Number of protein chains: 2
Amino acid sequence: MGLREIKMERTRHLIADKAFELFTEHGFDRTTVEQIAAAAEVGPRTLYRYFPTKESLIISFVETHLSAAVQRLREQPDDVPLSEALYALIDSVIATIVSNEARVLAVYDMSTCTPSVNAQFSGIWDRWCDEISDEVARRGGSRSPDLTARLAASTACAVIDVSVREWVESGGKASMRTLTDRALELLRTGEVPFPAPAGRA
Amino acid sequence: MGLREIKMERTRHLIADKAFELFTEHGFDRTTVEQIAAAAEVGPRTLYRYFPTKESLIISFVETHLSAAVQRLREQPDDVPLSEALYALIDSVIATIVSNEARVLAVYDMSTCTPSVNAQFSGIWDRWCDEISDEVARRGGSRSPDLTARLAASTACAVIDVSVREWVESGGKASMRTLTDRALELLRTGEVPFPAPAGRA
DNA sequence: GTTCTTATGGCACTCACTGCCACATTTTGG
DNA sequence: CCAAAATGTGGCAGTGAGTGCCATAAGAAC
């Protein structure tokens with residue numbers, strides 16, 4: 001790795017950190033890109049070479065960890081049962097959350113306060129779910145995801161989503177593992193009532 | 001209803017229609033708000049009184065139908081089992097889709113082509129899921145949704161989501177009802193593999 | 001018909017974001 | 001170690017979304 005890349009990596013981190021600082025201090029909307037650039041001692045034009053949008057300044061953090069998690073799923077050997085592989089995925093998310101508590105809480109808070117950030121998060125979450133669908137399909141031997149693959153991915157994502165929400169609402173005090181396990185149990189035991197086809201309960 | 005409101009309703013529809021026209025013809029990004037305003041023969045400033053953002057010009061259509069669907073859920077008597085009430089919700093979405101085929105397909109297409117639109121859609125979808133969670137919680141006798149309520153809402157949304165995707169991919173040729181019923185069946189029979197708590201499959 | 005209310009749209013402005021270009025720094029190759 | 005090529009930096013000017021303000025016009029109320 002050359003000197004150039006090292007410097008750029010540093011700059012990138014510096015920008016993201018300063019952005020996070022200013023956002024949490026003054027709020028996302030009341031912070032301009034110009035201010036962030038000034039704080040990081042770069043030109044606004046340069047900032048935009050590292051981060052394509054203002055929102056990406058926060059989102060990239062989450063994006064990194066999400067793609068690490070899906071990577072973990074991809075690394076599961078093909079003979080591991082799907083349910084177990086998906087648990088590894090959940091596990092990976094849990095790991096990043098417990099080791100980034102404060103950050104996750106702050107980001108979640110910002111998301112709920114700022115519609116544009118919220119939308120971006122919803123977007124990357126959806127795309128993440130798509131990636132998982134693809135991998136589930138691949139494991140099932142198909143090229144593109146079908147209803148079953150998508151449903152498996154969606155339920156896994158739903159388990160993570162509801163657990164994280166519950167965890168955030170507890171202010172980070174609850175145990176993520178307990179929450180996901182309880183959610184999974186609710187699904188397995190059928191305690192969560194699925195609507196029945198043809199309108200019969 | 002006064003003349004004033006009638007005119008405004010007309011203007012609102014005119015703007016939305018012209019916007020949809022221009023978007024489908026030239027693409028979302030290559031259409032400016034100014035052009036839409038000109039096509040609808042109003043000032044840009046007026047357009048923004050009807051639609052807060054450029055994206056909302058497309059999204060409002062979906063938003064309307066989604067809130068109609070959740071309204072349908074709310075209208076279900078409290079003694080109707082939750083699973084049946086949720087089926088009514090699904091049913092409502094199916095109804096709007098089959099009676100707006102072309103529009104839904106076009107909107108979906110635009111969404112996949114335009115990141116900002118996509119993000120907005122993900123956002124309102126999430127908020128919709130939250131509304132459903134609230135109603136599920138209320139039916140369960142709690143003030144705010146817990147893990148179970150959120151999970152029930154999320155799975156219902158997931159069923160709709162994966163079905164719509166499959167339907168869109170079929171070019172609108174598949175039967176929505178068949179798809180949702182199949183998805184529900186997959187969940188009920190446990191054919192979709194849920195990860196097991198504690199890492200055991 | 002006068003008055004009160006409210007929609008309209010023009011103007012000026014902020015801010016996110018982009019293309020272009022000159023400049024600086026790092027890398028490469030002799 | 002130095003010249004040349006490659007690449008990151010940042011300024012400037014410009015586009016387009018979105019907002020506050022205000023004068024004006026049209027509908028509603030009496």
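**Two chains and a DNA strand: questions and answers**

Student: Which helices of chain A and chain B each supply at least two residues of the surface near DNA strand D?
Tutor: Happy to start there, and keep in mind that this is a predicted model. Both chains take part in the surface near DNA strand D, each with two helices that supply at least two residues apiece. They are α1 (3-26) and α3 (44-50) of chain A, together with α1 (3-26) and α3 (44-50) of chain B.

Student: Which element gives the most to the surface near DNA strand D?
Tutor: Altogether, 22 residues surround DNA strand D, with A:R4, A:T46, A:R49, B:R45 and B:K54 the closest. By class, that surface has seven nonpolar, six polar and nine charged residues. The element that gives the most, with four residues, is α3(A).

Student: Which residue has a side-chain N or O atom 2.6 Å from a base oxygen of DNA strand D?
Tutor: Let's look at the phosphates before the base. A backbone N or O atom of A:G43 lies 3.2 Å from a phosphate oxygen of DNA strand D, and the side chain of A:Y50 places an N or O atom 2.9 Å from a phosphate oxygen of that strand. The side chain with an N or O atom 2.6 Å from a base oxygen belongs to B:R45.

Student: What relation do chain B and chain A have?
Tutor: Good one to check with a superposition. Chain B falls on chain A, with an RMSD of 0.1 Å, after a rotation of 180° and 0.0 Å of shift along the axis. That is therefore the relation of a two-fold axis.

Student: How much area do chain B and chain A bury between them?
Tutor: The contact takes 46 residues from chain B and 46 residues from chain A. The size of an interface is often given as the accessible area lost when the parts come together. Of the area buried here, 68% is on carbon and sulfur atoms, and the total is about 4500 Å².

Student: Which element makes up the largest share of the side of chain B that touches chain A?
Tutor: Across the interface, six salt bridges are found, including B:D130 with A:R165, whose closest N and O atoms are 2.7 Å apart. On the side of chain B that touches chain A, the elements giving two or more residues are α5 (82-98), α7 (115-139), α8 (147-169) and α9 (176-188) of chain B. The largest share, 14 residues, comes from α8(B).

Terms used. Residues are numbered from 1 along each chain as its sequence is written. Chains are lettered from A and ligands numbered from 1 in the order in which they are written. This is a predicted model: local features need pLDDT of at least 70, side-chain atom pairs count only at pLDDT 80 or more; totals for chains, interfaces and linings use all residues. Side-chain values use heavy atoms; hydrogens and water are left out. Copies are superposed by least squares on the C-alpha atoms of residues with pLDDT of at least 70 in both. A residue is near a molecule or strand if one of its heavy atoms lies within 4 Å of it. A polar contact is a pair of N or O atoms within 3.5 Å; within protein, one must be able to donate a hydrogen and the other to accept it, and residues adjacent in sequence count only if both atoms are side-chain atoms. Ala, Val, Leu, Ile, Met, Phe, Trp, Tyr, Cys and Pro count as nonpolar, Asp, Glu, Lys and Arg as charged, and the others, Gly among them, as polar. Contact means heavy atoms within 4.5 Å. Buried area is the accessible area (1.4 Å probe) that two parts lose on being put together, summed over both. A salt bridge is a side-chain nitrogen of Lys or Arg within 4 Å of a carboxyl oxygen of Asp or Glu.
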